[in-house]
Amino acid sequence: NLAASYIIELNNGSTITPRMDWIYKSEIQYEPVNNKDVEGDSYKRLNLSVAYEFNDKLKFSLGVNNVTDEEYIIAGDSNGLLGYSLVVYDRPRNWYLSAEYNF
């Protein structure tokens, strides 16, 4: 994982903070028997966001997770006796907007 952010202080006491998160994960086996049907390939993921904070009370953040829209497995299960294999994929590219207020 690699992350970087930078706080930019504005004249009115507010701040703008851009942030970047880069994640690399190597291939993973989700079953002890190394079933190829539930094997997770390696992947890279990039998340970007920017936050605007008003004098330590109110903060708005806008960001996008999985900027490159990578498709990758985050869990898997299989049973050879019953003859099934299933995997769970992480969410595709998604945007968010959040607000925080500190009392």
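Colleague: Is V50 buried or exposed?
Modeller: V50 is partly exposed, because its relative accessible area is 34%. Buried means under 20%, exposed over 50%, and partly exposed lies in between, with a 1.4 Å probe and protein chains only. This is a predicted model: local features need pLDDT of at least 70, side-chain atom pairs count only at pLDDT 80 or more, and totals for chains, interfaces and linings use all residues. Residues are numbered from 1 along each chain as its sequence is written, and side-chain values use heavy atoms, with hydrogens and water left out.

Colleague: Which strand is V50 in?
Modeller: Strand β6, residues 43-54. Strands here are DSSP runs of E, at least two residues, numbered from the N terminus.

Colleague: And what is V50 in contact with, leaving aside neighbours within four places in sequence?
Modeller: I16, T17, P18, F60, S61 and L62. Contact means heavy atoms within 4.5 Å.

Colleague: How far apart in space are V50 and Y89?
Modeller: They are 26 Å apart, C-alpha to C-alpha, and 39 residues apart in sequence.

Colleague: Changing topic, where is L82?
Modeller: L82 sits in the loop between β8 (73-79) and β9. L82 counts as exposed because its relative accessible area is 64%.

Colleague: What about the whole chain: how many helices and strands?
Modeller: The protein chain has 0 helices and 10 strands. Its C-alpha atoms fill a box of roughly 65 × 25 × 20 Å along the principal axes.

Colleague: How much of the chain is buried?
Modeller: Of its 103 residues, 22% count as buried.

Methods: Helix = DSSP H or I, 4+ residues; strand = E, 2+ residues; numbered from the N terminus.
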